[in-house]
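Visitor: Could you walk me through this model, one question at a time?
Guide: Gladly, let's take a look together.

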Amino acid sequence: MIFSTLEHILTHISFSIVSIVITLHLITLLGNEIIKPYDSSEKGMIATFLCLTGLLITRWIYSGHFPLSDLYESFIFLSWSFSLIHIVPYFKKRKNYLTTITASSTIFTQGFATSGLLNEIRKPTILVPALQSEWLIMHVSMMILSYAALLCGSLLSAALLVITFRNIFYSSKSNNLLKFNESFSFGEIQYKNERNNILKKTSFFSDKNYYKTQFIQQLDYWSYRVISLGFIFLTIGILSGAVWANEAWGSYWSWDPKETWAFITWIVFAIYLHTRTNKNLQGANSAVVATLGFLIIWICYFGVNLLGIGLHSYGSFTLTSS
């Protein structure tokens, strides 16, 4: 009873803190210079990480096994992974572009885990025989960490695509406006005034484009680093899962729906990393592959669980009725 109450308290405290962090990030995006929310939001994410760590430890003691046996526990661990990715650069004293993405991802996964949709599986249960193995910690933790890293990197790539296409759109719009004024002028003086105004605007956009270019390069740099880390975790997770499957079911690979989509995820991000070796395919081209990978990850992690079939059906998800 004590552990259950403590788990309930830590869950709501962590969700409340990360909600405040999101609010602080919105203040930052609005450009409020009076309030300096960056450091406060970072400390808030550290507090969230500590609360989620305490929640996992409490769940571990309460249930008697490592808390990665069902969808609810995996969502909590995914939230913990996002917060971990968030605070690592903070301790290295390096500000990066992951903060808004990791904080938003944490509140999304935490909110879903604590919603009424997972009430039926929130109570700890005895592990099914297939999960009663030392490989549980190794395999599942690596897979969840890989999902967190790959999702963050994919969202950075998606942001890169949005900014790139916006730049192309506004650049073409500015050029068309300049050509229009050159073709249709009402007197030499009016033409010169209009041309000077447009050139000033073009110069202003050029300065903005320079900083946007720098920003895009940073997004590309961080998405590549985070996806590379996630790919390593995913590879370790798949290999450890194959060894565990051989011990549990007598076969390294069974083309189970979960295994199949994990392999598809690995292939997609292997293609992404391969495109990075070609300078002509870096940037927006490789970002398209990573953005596709974002959808593939959610199918692998959550979509397959909706089916409730296959050897991984113990992680299935069913809607609760009120």
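The questions below go from the whole chain to single residues of this predicted model.

Visitor: Good to be here! How many helices and strands does the protein chain have?
Guide: From the N terminus on, the elements run α-α-α-α-α-α-α-α. The count for the protein chain is therefore zero strands and eight helices.

Visitor: What share of the contacts join residues at least 24 apart?
Guide: The chain has 322 residues, and 43% of them count as buried. For the contacts, take those between residues at least 6 apart in sequence. Of these, the share that joins residues at least 24 apart is 80%.

Visitor: Which helix gives the most to the nonpolar patch?
Guide: The patch on the surface is formed by Ile57, Trp60, Ile61 and Ile137, with about 370 Å² of accessible area together. Three residues come from one helix, spanning residues 37-63. That helix is α2.

Visitor: Is tryptophan 60 buried, partly exposed or exposed?
Guide: Tryptophan 60 sits in helix α2. Buried would need under 20% relative accessible area and exposed over 50%. Its relative accessibility is 38%, so tryptophan 60 counts as partly exposed.

Visitor: How far apart are the end C-alpha atoms of residues 44-62?
Guide: The unreviewed UniProt entry annotates residues 44-62 as "transmembrane region", along with other spans including 260-275. In the model, residues 260-275 are 100% helix and 0% strand, with end C-alpha atoms 23 Å apart. Residues 44-62 are likewise 100% helix and 0% strand. For residues 44-62, the distance between the end C-alpha atoms is 26 Å.

Visitor: Which residue meets glutamate 73 in a salt bridge?
Guide: The chain has two salt bridges by the rule used here. In the one with glutamate 73, the N to O distance is 2.8 Å, and the other side chain belongs to arginine 59. This pair links distant parts of the chain, 14 residues apart, with glutamate 73 in helix α3 (residues 71-91) and its partner in helix α2. Both residues are buried, and the partner asked for is arginine 59.

Visitor: And how many residues apart in sequence are the parts tied together by aspartate 220 and arginine 276?
Guide: Their side chains meet in a salt bridge at 2.5 Å, N to O. Aspartate 220 lies in helix α6 (residues 188-249) and arginine 276 in the loop between α7 (257-275) and α8 (284-307), so the pair ties together parts that are separated in sequence. Aspartate 220 is buried at 12% relative accessibility, and arginine 276 is buried at 11%. The separation in sequence is 56 residues.

Visitor: What distance separates the C-alpha atoms of valine 21 and glycine 44?
Guide: Valine 21 belongs to helix α1 (residues 2-29). With a relative accessible area of 1%, valine 21 is buried. Glycine 44 is 23 residues away from valine 21 along the chain, and their C-alpha atoms are separated by 6.1 Å.

Visitor: Which backbone oxygen does the side chain of serine 146 reach?
Guide: Serine 146 is part of helix α5 (residues 135-183), and its relative accessibility is 0%, so serine 146 counts as buried. Leaving aside neighbours within four places in sequence, serine 146 is in contact with Gly230, Phe233 and Leu234. The backbone oxygen that its side chain reaches, at 2.5 Å, is that of methionine 143.

Conventions: Residues numbered from 1 in each chain as written. Predicted model: local features only at pLDDT ≥ 70, side-chain atom pairs only at ≥ 80, totals over all residues. Heavy atoms only, no water. Helix = DSSP H or I, 4+ residues; strand = E, 2+ residues; numbered from the N terminus. Buried < 20%, exposed > 50% of the residue type's maximum accessible area, 1.4 Å probe, protein only. Contact = heavy atoms within 4.5 Å. Patch = residues over 30% accessible without salt bridge, like charges linked within 9 Å, V, L, I, M, F, W, Y side chains within 5 Å. Areas by Shrake-Rupley, 256 points an atom, 1.4 Å probe, with all protein chains shown as cover. Salt bridge = Lys/Arg side-chain N within 4 Å of Asp/Glu carboxyl O. UniProt positions renumbered as here; feature names shortened; annotations may be inferred. Polar contact = N/O pair within 3.5 Å; in protein donor to acceptor, adjacent residues only side chain to side chain.
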